[in-house]
Amino acid sequence: MSATRKPAGAQPQTIEAVEFREAMSRVASPVSIVTTDGPAGRAGFTCPAFASVTDAPPTVLACLSRTSRSAAAFRENRVFAINLLPQRLQALADRFSGLDGTPLAERFTATAWEEGGSGAPLLVGALASLDCRLEDLQEIGSHQVMIGRVLSVRLGPGDPPLFYHRRGYRSFDGA
């Protein structure tokens, strides 16, 4: 199989945002709620873009819209937790995404939270919670990419996880 090479000076192909979003909708992503607390206050959002970066040292990334009301809190607090959701907490995912109309200030009242070592809220009943210190923040296009050093991991129940795929929630029973 031979690689196709672009001629020197060739312009990269541009794609439509709609086409890119459709392609990305076909990726099954775990649903998580990313939280922070500190001098800038408590905030959280349902995260559609979270990934492991490396295990040595343990590092993850999460993406948040730069126009989100929570963006400044994450930048200023410099800590965050990624709370992986089981399928039974789909309503909580809607709450933190704003889909159910719950005001930002009331989103944490629906369930129990504990304070992680960093100060970020950890969801009681999450499949896993990763307590992180913000190592780097890059603004790329419409989003800020938060790269965090994982300070601690808390494992929860082995319930079926909640996924987001083709613009809707999906479950996976692990069988």
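Student: Okay, starting with the hairpin of E9 and E10: which residue there takes a positive phi?
Tutor: That's glycine 141, with phi near 60°, and the hairpin has two residues between the strands. Keep in mind that we're looking at a predicted model.

Student: And how many bridges hold E9 and E10 together?
Tutor: Twelve bridges, with strand E9 (residues 128-140) and E10 pairing in the antiparallel sense. To pick out one pair, leucine 134 stands opposite glycine 148 in E10.

Student: Which other strand is joined to E10, then?
Tutor: E5 is joined to strand E10 (residues 143-155) by seven bridges, and those two run antiparallel. Look at threonine 59 for an example: its bridge partner in E10 is arginine 149.

Student: Let me zoom out. How many helices and strands does the chain have?
Tutor: Three helices and twelve strands.

Student: And what share of the residues counts as buried?
Tutor: 37% of the 175 residues. On contacts, take the ones in the chain with a separation of 6 or more: 64% of them are between residues 24 or more positions apart.

Student: Switching to the sheet with E1 in it. What's the strand order?
Tutor: It goes E1-E11-E12, an open sheet of three strands with antiparallel pairing.

Student: Why do E1 and E12 each have one side without a neighbour?
Tutor: They stand at the edges of the sheet and have a single partner strand each, so one side of each is left without a neighbour there.

Student: How many bridges does each pairing have?
Tutor: E1 and E11 pair over two bridges, while four bridges join E11 to E12.

Student: Which residues sit opposite phenylalanine 163?
Tutor: Phenylalanine 163 in E11 is the bridge partner of proline 30, and it also stands opposite arginine 170 in E12. Next to that, you can find leucine 162 opposite serine 171 in E12.

Student: What about the hairpin of E11 and E12, which residue has the positive phi?
Tutor: Arginine 166, with phi near 55°, in a hairpin that has two residues between the strands.

Student: Where else is there a positive phi in a residue other than glycine?
Tutor: Try arginine 78, where phi is near 65°. You'll find arginine 78 in the loop between H2 and strand E6 (79-84).

Student: Is arginine 78 buried or exposed?
Tutor: In between: its relative accessible area is 39%, so it counts as partly exposed.

Student: While we're on backbones, which peptide bond is cis?
Tutor: The one from alanine 56 to proline 57, with omega near 0°. Proline 57 lies in the loop between strand E4 (50-55) and E5.

Student: New topic: pockets. What's the volume of the largest pocket?
Tutor: About 1100 Å³. It's lined by 35 residues, and the closest to its centre are Thr46, Cys47, Pro48, Ala49 and His143.

Student: Which elements give two or more residues to that lining?
Tutor: Among them are helix H1 (17-25), strand E3 (43-47), strand E5 (58-65) and helix H3 (90-97). The strands of the E1-E11-E12 sheet are on the list as well: strand E1 (29-30), strand E11 (162-165) and strand E12 (168-171).

Student: How do the lining residues divide into nonpolar, polar and charged?
Tutor: 16 are nonpolar, 14 are polar and five are charged.

Student: Back to loops. Where is serine 70?
Tutor: In the loop between E5 and helix H2 (71-77).

Student: Why does serine 70 count as buried?
Tutor: Because its relative accessibility is 2%, and buried means under 20%.

Student: What is serine 70 in contact with?
Tutor: Leaving aside neighbours within four places in sequence, serine 70 is in contact with Ala43, Gly44, Leu64 and Leu104.

Student: Last one, threonine 102. Which loop is that in?
Tutor: The loop between H3 and strand E7 (113-115). Threonine 102 has 9% relative accessibility, so it counts as buried.

Student: Which side chain does threonine 102 make a polar contact with?
Tutor: The side chain of aspartate 100, in a polar contact of 2.8 Å. Not counting residues up to four places away in sequence, threonine 102 also touches Arg95 and Arg107.

Note on methods: Residues numbered from 1 in each chain as written. Predicted model: local features only at pLDDT ≥ 70, side-chain atom pairs only at ≥ 80, totals over all residues. Heavy atoms only, no water. 1 Å grid on protein atoms, 1.4 Å probe; cavity = no way out; pocket = protein on both sides within 12 Å on 5 of 7 lines; lining within 4 Å. Points joined across faces, edges and corners; volume = space filled by probe spheres on them. Nonpolar A, V, L, I, M, F, W, Y, C, P; charged D, E, K, R; others polar. Pairing = 2+ DSSP bridges. Buried < 20%, exposed > 50% of the residue type's maximum accessible area, 1.4 Å probe, protein only. Contact = heavy atoms within 4.5 Å. Polar contact = N/O pair within 3.5 Å; in protein donor to acceptor, adjacent residues only side chain to side chain.
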